[in-house]
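Dear colleague,

I am passing on the structure we spoke about, with the sequence alongside. Please have it open while you read the notes underneath.

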Amino acid sequence: SAPVLDSASDSGVQGDDITNETQPEVTGTGGAPGDTVTLYDTDGTTVLGTATVVANGTWSVTPDAPLTEGSHDLSVTMTETAAGNESAPSAVLSIVIDTSAPNAPSAPVLDSASDSGVQGDNVTNDIQPAITGSGATPDDTVTIYDTDGTTVLGTGTVAANGTWSIIPDAPLSEGSHDVSVTVTDAAGNESNPSSALSLDIDTTA
């Protein structure tokens, strides 16, 4: 049967076969215990690694060397232990190696509906204000960070038109917050942080 990308090697979105792991574990079933499994790259001749089928009929191969960035159509063959006969290749597993982080997004914006009082001054009495942005890749994950750059305020998904909007999961504390965002692609690569949005939470009458 066709090889499978092991879930532990499928970084980012599970099941999409896009990963930033350059030596991903590839698994499968079939063959007799003791048979040799050979993993081939797209051309069907470049050997990436070999393994032995274990007693329960499963196998696992990790490439001997890092795979190059981009698409790979991986196939396997089985070679009998006794006679040395090699099978025809399996159906392919199409994977993408992506180790490139997205560009840093543009600075987030305080949504006008959350900017109480004077519009555009980024001072608000809304303790869970909507933060928005644009220019990102659809389906990437946006993460909002507080002033320290490590405290996560919330996450969201980029819409088809490249925009996103996130409301913090919990109320923000009174005072100043320098809010930045990152975007993470399907392979799990996280960008550098954006420039900060400086906003003030002021609930004191």
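In this predicted model, strand β8, which covers residues 93-97, has side chains that alternate between two faces: L93, I95 and I97 point to one face and are buried, whereas S94 and V96 point to the other and are not. This is the pattern one looks for, because in a regular strand the side chains alternate between the two faces of the sheet.

Which strands does β8 pair with, and in which direction do they run? Strand β2 (residues 18-19) runs parallel to β8 and is joined to it by two bridges, with I18 standing opposite V96. Strand β7 (residues 70-79) runs antiparallel to β8, and five bridges join the two; here D73 has S94 as its bridge partner in β8. Both of the β8 residues named in these pairings, V96 and S94, belong to the face whose side chains are not buried.

Further along the chain, two residues may be worth finding on your screen. S114 lies in the loop between β9 (109-110) and β10 (123-124), and with a relative accessibility of 7% this serine counts as buried, because the cut-off for that class is under 20%. Leaving out residues up to four places away in sequence, S114 touches T124, D126, P129 and A130.

T132 sits in strand β11 (residues 131-133) and is also buried, although its relative accessible area of 18% has to be read against that cut-off of under 20%. Apart from neighbours within four places in sequence, T132 is in contact with P108, V109, D111, W164 and S165. T132 and V179 are 47 residues apart in sequence, and their C-alpha atoms are 11 Å apart in space.

As for the protein as a whole, it has 16 strands and zero helices. Its radius of gyration is 24 Å, well over the 17 Å that the globule rule gives for 205 residues, so the protein is more spread out than a compact globule. The C-alpha trace spans about 85 × 30 × 25 Å along its principal axes. Of the 205 residues, 39% count as buried, and the protein exposes about 10,000 Å², of which carbon and sulfur atoms supply 50%. Among contacts between residues at least 6 apart in sequence, 58% join residues that are at least 24 apart.

With best wishes

Conventions
Residues numbered from 1 in each chain as written. Predicted model: local features only at pLDDT ≥ 70, side-chain atom pairs only at ≥ 80, totals over all residues. Heavy atoms only, no water. Helix = DSSP H or I, 4+ residues; strand = E, 2+ residues; numbered from the N terminus. Buried < 20%, exposed > 50% of the residue type's maximum accessible area, 1.4 Å probe, protein only. Contact = heavy atoms within 4.5 Å. Rg over C-alpha atoms; globule rule 2.2 N^0.38 Å. Areas by Shrake-Rupley, 256 points an atom, 1.4 Å probe, with all protein chains shown as cover. Pairing = 2+ DSSP bridges.
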